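Visitor: I would like to learn how to read a model like this one. Please take me through it feature by feature.

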Amino acid sequence: MDVKVVIFDWDGTLVDSVDHIADSLHQAATELGYPELEREAYRDIIGLGMIEALEKLYPGITREEMTTIREGYARYFFAKVTTPQNVFAGMADVLADLRLGGRGCSVATGKSRRGLEGALVSSGLGPHFDITRCADETRSKPDPAMLGEIIRFYGIEPAEAVMIGDTRYDLEMAQRIGMPSIGVEWGVHKRDVLGHYAPHAIVDSVKDLRDVLCL
């Protein structure tokens, strides 16, 4: 695949963190008396900004209630530090090889800036990226605002980049700006969901991802 820039989602794409996010949301909400939802409900909102995620999980929630849940979520989530062992096997090499080949690498994530900054350092992946964008400093996926900001940074058109992600929000975001995408099946959503957004490819292994990226 001949593109100048490769844009990665973080949770569920580069880092094995989906279960920890779901567990942290579940703990924070239920200890405050909110209904216990099915596990898939917590997984399904991963990729959205926290405000959008909580609005979807608990329709009608107030901003004050949202702040209380977010504080609890942060307490649980940040109790566990992302380490290089949490990076999906082979993904650090994908990043390194993309950079060696002269391609730009960046991150578009639903994480907060605070959460991403810590993870970039503790995971060891930070040096690979030219620019990163988070939901709390722009608009949440599937709005393509963060992709627009990234391609403006590089001075390229949408067709010259690819978005790689594990959720429908990643692929819909790319589709809405006219950017090709690659869905990965080792995170939240599987082929039956990802396929609705016309991805360039859907892969179920890092080897297949390497092949699509011509590494």
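Guide: Start with the distance between the parts. This is a predicted model, and the C-alpha centres of domain 1 and domain 2 lie 23 Å apart. The contact takes 19 residues from domain 1 and 15 residues from domain 2.

Visitor: Which residues does the domain assignment give to each domain?

Guide: Domain 2 is 17-79, while domain 1 is written in two pieces, 5-16 + 83-213.

Visitor: How is the size of an interface often given?

Guide: It is often given as the accessible area lost when the parts come together. For this structure I can offer the residue counts on the two sides, 19 from domain 1 and 15 from domain 2.

Visitor: How many helices and strands are there in the protein chain?

Guide: The protein chain has 10 helices and 6 strands. Its radius of gyration is 17 Å, close to the 17 Å that the globule rule gives for 215 residues, so the chain is as compact as a globular protein of that length. Along the principal axes, the C-alpha trace spans about 50 × 30 × 30 Å.

Visitor: What percentage of the residues count as buried?

Guide: Of the 215 residues, 55% count as buried. A residue is called buried when its relative accessible area is under 20%, and exposed when it is over 50%. The chain as a whole exposes about 9,500 Å², and carbon and sulfur atoms supply 50% of that area.

Visitor: What do the contacts say about separation along the sequence?

Guide: Take the contacts with a separation of 6 or more: 63% of them join residues 24 or more positions apart.

Visitor: And the charges: how many positive and negative side chains are there?

Guide: There are 23 positive and 34 negative side chains, and the centres of the two sets lie 3 Å apart.

Visitor: Let us turn to single residues. Where is Ser 24?

Guide: Ser 24 is in helix H1, residues 18-30. Ser 24 counts as buried because its relative accessibility is 1%, under the 20% cut-off. Leaving aside neighbours within four places in sequence, Ser 24 is in contact with Tyr 73, Tyr 76 and Phe 77.

Visitor: Is Leu 57 buried or exposed?

Guide: Leu 57 is buried, with a relative accessible area of 10%. Leu 57 belongs to helix H3, residues 50-57. Beyond its neighbours within four places in sequence, Leu 57 is in contact with Leu 25, Leu 37, Ala 41, Tyr 42 and Ile 45. To set sequence beside space, take Leu 57 and Ile 45: they are 12 residues apart in sequence and 7.8 Å apart from C-alpha to C-alpha.

Visitor: Which residues of helix H8 are buried?

Guide: In H8, residues 168-177, the buried residues include Tyr 169, Asp 170, Leu 171, Met 173 and Ala 174. H8 is followed by Gly 178, whose phi is positive, near 80 degrees.

Visitor: Where is Ser 181, and what is it in contact with?

Guide: Ser 181 is in strand E5, residues 181-184, and counts as buried at 2% relative accessibility. With neighbours within four places left aside, the contacts of Ser 181 include Leu 171 and Ala 174, two residues listed as buried in H8. Val 162, Met 163, Pro 199, His 200 and Ala 201 are also in contact with Ser 181.

Visitor: Then what is Pro 199 in contact with?

Guide: Again leaving aside neighbours within four places, Pro 199 is in contact with Leu 171, Ser 181, Gly 183 and Leu 194. Pro 199 is found in the loop between helix H9 (191-194) and strand E6 (201-203). Pro 199 counts as buried because its relative accessibility is 18%.

Visitor: Where does a positive phi turn up in a residue other than glycine?

Guide: One case is Ala 198, with a positive phi of about 50 degrees. Ala 198 is in the loop between H9 and E6, and counts as exposed at 59% relative accessibility. Another is Cys 214, with phi near 60 degrees. Cys 214 lies in the segment after helix H10 (206-212) and is exposed, at 55% relative accessible area.

Visitor: Last, which peptide bond is cis?

Guide: The bond from Lys 141 to Pro 142 is cis, with omega near 10 degrees. Pro 142 lies in the loop between strand E3 (131-134) and helix H7 (145-154).

How values were computed:
Residues are numbered from 1 along each chain as its sequence is written. This is a predicted model: local features need pLDDT of at least 70, side-chain atom pairs count only at pLDDT 80 or more; totals for chains, interfaces and linings use all residues. Side-chain values use heavy atoms; hydrogens and water are left out. Helices (H or I, at least four residues) and strands (E, at least two) are DSSP runs, numbered from the N terminus. The radius of gyration is taken over C-alpha atoms; the globule rule is 2.2 Å times the number of residues to the power 0.38. Buried means under 20% relative accessible area, exposed over 50%, partly exposed in between (1.4 Å probe, protein chains only). Contact means heavy atoms within 4.5 Å. Accessible areas come from the Shrake-Rupley method with a 1.4 Å probe; for residues, only the protein chains shown count as cover. Lys and Arg count as positive and Asp and Glu as negative; His and the chain ends are not counted. The place of a charge is taken as NZ of Lys, CZ of Arg, CG of Asp or CD of Glu. Domain bounds come from an automatic or database domain assignment.
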